[in-house]
Amino acid sequence: QVQLVESGGGSVQAGGSLRLSCAASGYTYSSNCMAWFRQAPGKEREGVAHIFTGDGSTYYADTVKGRFTISQDNAKSTVYLQMNSLKPDDTAMYYCAASSPVLRSRCFRLGVPNFGSWGHGTQVTVSS
């Protein structure tokens, strides 16, 4: 059974940085899609960044492009989300998600229904 555990959330002022971690266990996929989603109160869960574990290719939502970086450490089975230049609009619960094996071309089109494994989330709060 796949388990995802997020950590690294917290409270920062606008312009600050945080690094989220997602430790994965229970599977040995070599080419699947890992992603970070976020959900603010009263809003739908939205994709923030995707990474194709087969080659490390990445995709970002326009709202975070240039500020956030998703990366992976295969030896640690961990995916990271480095968040810089944080804004109050980035305040949300951040979730890590994992898909079953997919093609690289499909990874970046996956949405919430396509990810079968989710973590419990870590809260990020950005104050102005």
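Colleague: Which residues does Arg38 touch, not counting residues up to four places away in sequence?

Modeller: Quite a list! Arg38 touches Glu44, Arg45, Glu46, Val48, Thr63, Val64, Phe68, Asp89, Asp90, Ala92, Met93 and Tyr94. Keep in mind that this is a predicted model. Arg38 itself is found in strand E4.

Colleague: Why is Arg38 called buried?

Modeller: Look at the relative accessible area, which is 6% for Arg38. The cut-off for buried is under 20%, so Arg38 counts as buried.

Colleague: What makes the pairing of Arg38 and Glu46 a polar contact?

Modeller: The distance does a lot of the work here. The side chains of Arg38 and Glu46 are joined at 2.7 Å, and the limit for a polar contact is within 3.5 Å. Arg38 also has a polar contact with the side chain of Tyr94, at 3.0 Å.

Colleague: Let's move to Glu6. Where is Glu6, and what does Glu6 contact?

Modeller: Glu6 sits in strand E1, residues 3-7. Leaving aside neighbours within four places in sequence, the contacts of Glu6 include Ser21, Cys22, Trp36, Tyr95 and Thr122.

Colleague: How do you know that Glu6 has no salt bridge?

Modeller: Check the nearest side chain of opposite charge. For Glu6 that is Arg45, 7.5 Å away. A salt bridge needs the two charged groups within 4 Å, so Glu6 and Arg45 do not make one. Glu6 is buried all the same.

Colleague: Which backbone nitrogens lie by the side chain of Glu6?

Modeller: One is the backbone nitrogen of Cys96, which the Glu6 side chain reaches at 2.8 Å. Another is the backbone nitrogen of His120, 3.0 Å from a polar atom of that Glu6 side chain.

Colleague: And Val5, why is that one called exposed?

Modeller: Val5 has 52% relative accessibility. Exposed means over 50%, so Val5 gets that label. Val5 is in strand E1, and it touches Ser21, Cys22 and Ala23, once residues up to four places away in sequence are left out.

Colleague: How far apart are Val5 and Asp73, in sequence and in space?

Modeller: Val5 and Asp73 are 68 residues apart in sequence and 15 Å apart in space, going from C-alpha to C-alpha.

Colleague: Now the cysteines. How many disulfides does a search of the whole structure find?

Modeller: The search finds 2 disulfides. A disulfide, by the way, is a covalent bond between the sulfur atoms of two cysteines.

Colleague: How do you know that Cys22 and Cys96 form a disulfide?

Modeller: Their sulfur atoms are 2.0 Å apart. The cut-off is within 2.5 Å, so Cys22 and Cys96 pass. This pair links distant parts of the chain: Cys22 is in strand E3 (residues 18-25) and Cys96 in strand E9, 74 residues apart.

Colleague: Why is the disulfide of Cys22 and Cys96 called left-handed?

Modeller: It comes down to the torsion about the S-S bond. For Cys22 and Cys96 that torsion is about -75°, so the disulfide is left-handed. Both ends are tucked away too: Cys22 counts as buried at 0% relative accessibility, and Cys96 is buried with a relative accessible area of 0%.

Colleague: What about Cys33 and Cys107, is their link left-handed or right-handed?

Modeller: The link of Cys33 and Cys107 is right-handed, with 60° about the S-S bond. Cys33 lies in strand E4 (residues 32-39) and Cys107 in helix H1 (residues 104-107), so the pair ties together parts that are 74 residues apart in sequence. The sulfur atoms of Cys33 and Cys107 are 2.0 Å apart. Cys33 is buried, its relative accessible area being 0%, and Cys107 counts as buried at 0% relative accessibility.

Colleague: What pattern do the disulfides of the protein chain follow?

Modeller: Counting bonded cysteines along the chain, the pattern is 1-3, 2-4.

Colleague: Last topic, the serines. What makes Ser77 partly exposed?

Modeller: Ser77 has 39% relative accessibility. Buried is under 20% and exposed is over 50%, so Ser77 falls in between and counts as partly exposed. Ser77 lies in the loop between strand E7 (68-73) and strand E8 (78-83). It has a positive phi of about 50° although it is not a glycine.

Colleague: And why is Ser85 called partly exposed?

Modeller: By the same kind of check: Ser85 is at 42% relative accessibility, so it counts as partly exposed. Ser85 lies in the loop between E8 and strand E9 (92-101), and it has a positive phi of about 50° although it is not a glycine.

Notes: Residues are numbered from 1 along each chain as its sequence is written. This is a predicted model: local features need pLDDT of at least 70, side-chain atom pairs count only at pLDDT 80 or more; totals for chains, interfaces and linings use all residues. Side-chain values use heavy atoms; hydrogens and water are left out. Helices (H or I, at least four residues) and strands (E, at least two) are DSSP runs, numbered from the N terminus. Buried means under 20% relative accessible area, exposed over 50%, partly exposed in between (1.4 Å probe, protein chains only). Lys and Arg count as positive and Asp and Glu as negative; His and the chain ends are not counted. A polar contact is a pair of N or O atoms within 3.5 Å; within protein, one must be able to donate a hydrogen and the other to accept it, and residues adjacent in sequence count only if both atoms are side-chain atoms. Contact means heavy atoms within 4.5 Å.
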